[in-house]
Amino acid sequence: MSEIRTDWTREEIATLFALPFNDLLFEAQTIHRRHHDANHVQLSTLLSIKTGGCAENCGYCSQSASNDTGLKAEKLMGVDEVLEAAAQAKANGSERFCMGAAWREPKDRDMEAIVGMIEGVKAMGLETCMTLGMLSDSQTDRLAEAGLDYYNHNIDTSPEHYAEVVTTRTFDDRLQTLERVRNRGINVCCGGIVGMGESHADRIGFIHALATLPEHPGSVPINELVPIEGTPLGDMLKGVPSAQIDDIEFVRTIAVARITMPKSYVRLSAGRESMSEPTQALCFFAGANSIFTGDRLLTTDNMGASADAALFAKLGLNGLSKTDAVREAAE
Ligand code: SAM
Ligand code: DTB
Ligand code: SF4
């Protein structure tokens, strides 16, 4: 039977989660090595091209207008400013440049600038990724014609838990945009967040929803909730520290994503800043092979190049470019 399956059952996924940890990691690493270079980690850099003031009410997000996080809403950045940041990302060794906008959906009048950003970043030899919220057919067409490589649109959690996280859109709305993107031949980047107070069954349902999409997403970002003051979920986690996801359960989630979606790049995304080196190392062993580099994610801090270089050197991982600053940090 082919290893690439989109007919996983929840029972099968529950069984994987329940394996003894060593067996689970052995299986994940074995499958990982069949499809990927075991010591290579893909690097992407994020830029928030339109920050804050978002009409959606995602309970984890600093950028929702419904959450009182003190974040100032800004306008869409200019194309030149975005290209400057992309050039910097390329100089730092990044392979993909991901541009995120705090929108429920783009306005048609924004599309010209968006297309300019995609074309400019591509011309530098970087892969392009955009995350702009829900898309119409015609907007998806314009992104495809501009040559967009990836579109990020997360399902975030299980279908059952979705309404606990956001109520201004439905899980089905998300699936519809994913279908549009897939049908236009743009690679899908789709994952979610763990550590939002969801149950173990929700994590099973979350991975099941990803692994049973008509095609596995090319990239699967797994974020650990970054608790942000003034957001319902961030405040919940600060009030109940025991609700924080256990590191071993987080690693198990990565391993099950790897086993069920063997060819996808599994990205260890937000949350690395508060994760120990051994936990990150276990995530890489479990099959994570992509990270965000740089000092910032969208509105929160990321590990930064020197800390990443030191970790990559310890683990013998390749992917980070050997700029002087990185080389010094690794020594
Ligand atoms: N507005 C667009 C959307 O929601 O699709 C794009 C930007 S949105 C910030 C991209 C993703 O970042 C979300 O789907 C969510 O999975 C992740 N994210 C946002 N805030 C986060 C947080 N505090 N911790 C972890 N992940 C987060
Ligand atoms: C994804 O899954 N994680 C990235 C990216 N896709 C756009 C965003 C993480 C955001 C973390 C919180 C912040 O910096 O605001
Ligand atoms: Fe808006 Fe995206 Fe944040 Fe939700 S996650 S509030 S859609 S920016």
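Which residues surround ligand 3? In this predicted model, they are Cys54, Glu56, Cys58, Tyr60, Cys61, Ser64, Ala102 and Arg169.

**View 1. The surroundings of ligand 3.** The shell shown here consists of Cys54, Glu56, Cys58, Tyr60, Cys61, Ser64, Ala102 and Arg169. By class, five residues of this shell are nonpolar, two are charged and one is polar. Ligand 3 takes up the space of the largest cavity.

**View 2. The surroundings of ligand 1.** There are 16 residues around ligand 1, and those that come nearest are Thr131, Asn154, Asp156, Arg174 and Val226. The shell around ligand 1 divides into nine nonpolar, four polar and three charged residues. The largest cavity is the space that ligand 1 takes.

**View 3. Contact of ligand 1 with the side chain of Asp156.** Asp156 is one of the residues that come nearest to ligand 1. A polar atom of the Asp156 side chain is 2.7 Å from an oxygen atom of the ligand.

**View 4. Backbone contacts of ligand 1 with Tyr60 and Val226.** A nitrogen atom of ligand 1 lies 3.2 Å from a backbone N or O atom of Tyr60. Tyr60 also belongs to the residues that surround ligand 3. For Val226, a backbone N or O atom is 3.0 Å from a nitrogen atom of ligand 1. On its own, ligand 1 has 550 Å² of accessible area, and the protein covers 90% of it.

Technical notes
Residues are numbered from 1 along each chain as its sequence is written. Chains are lettered from A and ligands numbered from 1 in the order in which they are written. This is a predicted model: local features need pLDDT of at least 70, side-chain atom pairs count only at pLDDT 80 or more; totals for chains, interfaces and linings use all residues. Side-chain values use heavy atoms; hydrogens and water are left out. A residue is near a molecule or strand if one of its heavy atoms lies within 4 Å of it. On a 1 Å grid over the protein atoms alone, a cavity is a set of points where a 1.4 Å probe fits but cannot get out, and a pocket is an open set with protein on both sides within 12 Å along at least five of seven lines; lining residues have an atom within 4 Å of a point. A molecule sits in a cavity or pocket if more than half of its atoms lie within 2 Å of its grid points. Ala, Val, Leu, Ile, Met, Phe, Trp, Tyr, Cys and Pro count as nonpolar, Asp, Glu, Lys and Arg as charged, and the others, Gly among them, as polar. A polar contact is a pair of N or O atoms within 3.5 Å; within protein, one must be able to donate a hydrogen and the other to accept it, and residues adjacent in sequence count only if both atoms are side-chain atoms. Accessible areas come from the Shrake-Rupley method with a 1.4 Å probe; for residues, only the protein chains shown count as cover.
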